[in-house]
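Please look through the structure below with some patience, first as a whole and then residue by residue. The paragraphs that follow begin at one side chain and widen out from there.

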Amino acid sequence: MVFVLIVVINVSENNIRCIPAGIIQLSQLNTLYMNHCPVLEEIPELPKSLRCIRAHGCPCLETLSSRPILWSYLLNCFKSQIQDFIKRTYVITTESRTTNVVIPGSHGVPGWVSHNSIGHEIRIDLPRNWYEDNNFLGFALFCHHVPLDDDDDDDYDYICEILDGYTLPSHLDFDLWISHGDQFEYMTNIPFNRNCQSYLNFCFETDRLHYYRKSSASSSNPALRVAYFPQIEIPSKYRSSRWNNFKVCFVGTFECGEKAALKVESCGIHLIYDDAQDNHQQGLQLFNVKSGHDDTED
């Protein structure tokens, strides 16, 4: 069927109540936009090819972050992402090859996340012999956005480029660092489009964003942004017991429409292990804290 070749689906700003269950058959689907769907209540089983999911401004999905089934689907996507890395079968952009999601975030970073911090930066100790542990898949990185207030006006960065009447936005970045002791070295970053877009076109010949058109909707509701980073993507020069600390800085604001902007209020890191026996357990195991100590920072 020709439908299996669909790569991007955009149902944003529609009065749909559920995503059709047949979406699981779209084995090449990479991106799913469903921003600002006011009555969207259900998301079915998702194909493991998905890397980018956007569901900001969907009030009926407020409890989504507490549903084990969502994290089970995302775990399957993350494992597929790891296989893509091993096989070097990447798609167009860094964002499109990283398993990442934006969902309603009124409840903040979920309580089952093993490490959490107030503010835009978090640092954790890496597990012992992390570089040799085949069960240690990597990290789920959580970023909670809340509306800017009057005191944040000076920090709001409107820097962007204008191209043919369209706005080409700056990125919101997850900057990843690793250290031995207090000596941190920058590894890489996971870039995100900083805007809650409904329409996004790519220039496939140049692998670059071609133009961007803003959504007609706007929402200042909190958002939870999550990205997955495989431990096998940590460069070989860091894969030893000497490197035992991992840090993530969440840089930038998140815009939704012309007037709504959100800042990072809190963040978290959850370590992901592949020690479950079936898909249901794989989803539930994300709720198990693997660390024996609390890394909450004031």
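Lys79 is partly exposed, because its relative accessible area is 21%, and buried would require a value under 20%. The model in which this value was computed is a predicted one, which should be kept in mind throughout. The side chain of Lys79 joins that of Asp274 in a salt bridge, with 2.9 Å from N to O. This pair links distant parts of the chain, since Lys79 belongs to helix α1 whereas Asp274 sits in the loop between β17 (260-273) and α3 (279-285), and the two are 195 residues apart. Asp274, for its part, has a relative accessible area of 28% and is therefore partly exposed as well.

Which other side chains pair in this way? In general, side chains of opposite charge can pair when their charged atoms come close. The side chains of Asp84 and Arg51 form a salt bridge, at 2.8 Å from N to O. Here too distant parts of the chain are linked, as Asp84 lies in helix α1 and Arg51 in the loop between β2 and β3, 33 residues apart. Arg51 has a relative accessible area of 3%, so this residue counts as buried.

A further salt bridge brings together the side chains of Glu42 and Arg67, with 4.0 Å from N to O. Glu42 is in the loop between β2 (31-33) and β3 (52-54), while Arg67 is in the loop between β3 and α1 (68-87), so the pair ties together parts of the chain that are 25 residues apart in sequence. Glu42 is partly exposed, because its relative accessibility is 44%. In total, the structure has 5 salt bridges, and the three described here are among them.

Arg51 also appears in the surroundings of another residue, Thr98. Thr98 is located in the loop between α2 (94-97) and β4 (100-104), and with a relative accessible area of 5% it is buried. When neighbours within four places in sequence are left aside, the residues in contact with Thr98 are Arg51, Gln81, Ile190, Ala227 and Tyr228.

A contrast is offered by Gly111, which is found in the loop between β4 and β5 (115-118). Because its relative accessibility is 76%, Gly111 counts as exposed. Gly111 and Ser66 are 45 residues apart in sequence, and from C-alpha to C-alpha they are 9.0 Å apart in space.

The cysteines can be considered next. A disulfide is a covalent bond between the sulfur atoms of two cysteines, and the structure holds 0 of them. Cys267 is in no disulfide, because the nearest cysteine sulfur, that of Cys143, is 6.9 Å away, whereas a disulfide needs the two sulfur atoms within 2.5 Å. Cys267 is buried, at 0% relative accessibility, while Cys18, at 45%, is partly exposed.

Stepping back to the whole, the protein has 3 helices and 17 strands. Of its 298 residues, 52% count as buried. The protein exposes about 14,300 Å², and carbon and sulfur atoms supply 49% of this area. Among contacts between residues at least 6 apart in sequence, 70% join residues that are at least 24 apart. The salt bridge between Asp274 and Lys79 likewise links distant parts of the chain.

Methods: Residues are numbered from 1 along each chain as its sequence is written. This is a predicted model: local features need pLDDT of at least 70, side-chain atom pairs count only at pLDDT 80 or more; totals for chains, interfaces and linings use all residues. Side-chain values use heavy atoms; hydrogens and water are left out. Helices (H or I, at least four residues) and strands (E, at least two) are DSSP runs, numbered from the N terminus. Buried means under 20% relative accessible area, exposed over 50%, partly exposed in between (1.4 Å probe, protein chains only). Contact means heavy atoms within 4.5 Å. Accessible areas come from the Shrake-Rupley method with a 1.4 Å probe; for residues, only the protein chains shown count as cover.
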